[in-house]
Amino acid sequence: MGDNLNGKVAIVTGASGGIGKCIVKELLSEGCTVVGFNYVQDSDVNEYTEYIVDITNREQVQDAIKHVIDKFGRIDVLINNAGITKDNLVYRMSYEDWDSVITTNLTGAFNMVKACIRELVKNEGVIINLSSIVGLEGNVGQANYSASKAGLVGLTKSLAKEFGRKNVRVNAIAPGFVETPMTEKLPDAMKKATIERIALRRFGRPEEVAKLVKYLVTDGTYITGQVIIIDGGIEI
Ligand SMILES: NC(=O)c1ccc[n+]([C@@H]2O[C@H](COP(=O)([O-])OP(=O)(O)OC[C@H]3O[C@@H](n4cnc5c(N)ncnc54)[C@H](O)[C@@H]3O)[C@@H](O)[C@H]2O)c1
């Protein structure tokens with residue numbers, strides 16, 4: 001148990017998800033107060049404070065952030081982790097599925113940044129955005145998801161440039177395939193074919209992504225505006 005984040009307050013969106021749960025544990029292990037913004041109630045919340053927030057709803061986000069500042073006094077870390085997939089070939093992708101993925105993954109992150117940025121500037125804070133290798137390379141059947149994740153790369157770099165002189169660091173993490181509810185739904189044949197392309201011949205574990213998040217928050221004090229790939233070596 002470390003104490004690098006003693007007295008600091010972190011917000012993690014999608015804290016009830018596969019990677020989100022592990023990020024919460026890592027931040028707690030450094031003595032941080034963690035607040036999860038969850039779409040659905042997390043049955044095993046006990047160590048962190050949970051707010052039920054839809055990050056696509058700007059009023060809900062602003063109200064919840066005000067509440068966090070009133071209750072905990074500050075915000076130092078924002079982890080934009082919530083994300084969804086609605087995969088389909090473009091021929092079959094509905095406008096609704098395009099809109100909901102872009103609105104959740106990209107606009108949702110912006111809504112969080114907008115609501116927190118003054119606090120983060122005040123406290124020389126840190127933002128981490130969960131992008132994906134698909135945002136760098138594209139993927140068949142994921143035009144909406146890959147566009148949203150590429151958008152997060154642009155958001156990350158722009159924020160890093162805009163707030164660097166205020167000592168706010170902003171980075172993105174681009175995981176490959178990680179064992180979580182999000183990838184559980186992939187067909188077995190696709191999982192098998194994907195593993196063949198990974199040098200380490202396995203999917204990543206959510207704990208491995210969470211450790212990288214912790215590193216970027218605590219020790220990575222001279223890293224900003226970067227996209228860190230964590231994918232077990234895909235097509236290297
Ligand atoms: N699992 C992977 O292989 C993988 C790979 C690359 C990137 N990622 C990214 O990592 C992040 C976490 O993914 P995961 O695999 O843990 O997914 P997950 O499905 O287990 O968790 C996603 C979380 O986001 C929450 N969420 C969705 N919409 C929301 C909304 N409108 N408001 C608030 N919360 C909302 C869900 O309730 C859930 O808790 C996502 O951004 C995902 O795109 C995952």
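In which strand does Asn80 lie? Asn80 lies in strand E4, residues 77-80, where strands (E, at least two residues) and helices (H or I, at least four) are DSSP runs numbered from the N terminus. The model shown here is predicted, so local features need pLDDT of at least 70 and side-chain atom pairs count only at pLDDT 80 or more, while totals for chains, interfaces and linings use all residues. Residues are numbered from 1 along each chain as its sequence is written, and side-chain values use heavy atoms, with hydrogens and water left out.

**View 1. Asn80 and its surroundings.**
Asn80 is buried, with a relative accessible area of 5%. Here, buried means under 20% relative accessible area, exposed means over 50%, and partly exposed is in between (1.4 Å probe, protein chains only). A polar contact of 2.9 Å joins the side chains of Asn80 and Asn129. Such a contact is a pair of N or O atoms within 3.5 Å; within protein, one must be able to donate a hydrogen and the other to accept it, and residues adjacent in sequence count only if both atoms are side-chain atoms. Leaving aside neighbours within four places in sequence, Asn80 is in contact (heavy atoms within 4.5 Å) with residues including Thr13, Ala109, Ile128 and Leu130.

**View 2. The largest nonpolar core.**
A nonpolar core is a set of buried Ala, Val, Leu, Ile, Met, Phe, Trp, Tyr and Cys residues joined through side-chain atoms within 4.5 Å. This one has 28 residues, and Ile11, Phe37, Ile65, Val68, Leu78, Met112 and Ile127 touch the most other members. Two or more residues come from each of strand E1 (9-13), strand E2 (33-38), helix H2 (58-72), helix H3 (95-122) and helix H5 (143-163). H3 gives the most, with 6 residues. In soluble globular proteins, nonpolar side chains tend to be buried together.

**View 3. The ligand and its neighbours.**
Which residues are the closest to the ligand? They are Ile19, Asn81, Tyr145, Val178 and Thr180, among 28 residues that surround the ligand, each having a heavy atom within 4 Å of it. One oxygen atom of the ligand is 2.8 Å from a polar backbone atom of Ile19. An oxygen atom of the ligand is also 2.9 Å from an N or O atom in the side chain of Lys149. Taken alone, the ligand exposes 820 Å², and the protein buries 93% of that; these areas come from the Shrake-Rupley method with a 1.4 Å probe, and for residues only the protein chains shown count as cover.

**View 4. Two cysteines, Cys32 and Cys116.**
A search of the whole structure finds 0 disulfides, a disulfide being a pair of cysteine sulfur atoms within 2.5 Å. For Cys32, the nearest cysteine sulfur is that of Cys116, 13 Å away. Are these residues buried or exposed? Cys32 is buried, with a relative accessible area of 6%, and Cys116 is buried too, at 0%.

**View 5. Loop residues Glu124 and Arg201.**
Glu124 lies in the loop between H3 and strand E5 (126-130). Although Glu124 is not a glycine, its phi is positive, about 50°. Arg201 sits in the loop between helix H7 (188-196) and helix H8 (206-218), and its phi is near 55°, again a positive value in a residue other than glycine. Glu124 is partly exposed, with a relative accessible area of 48%, and Arg201 is partly exposed with 48%.
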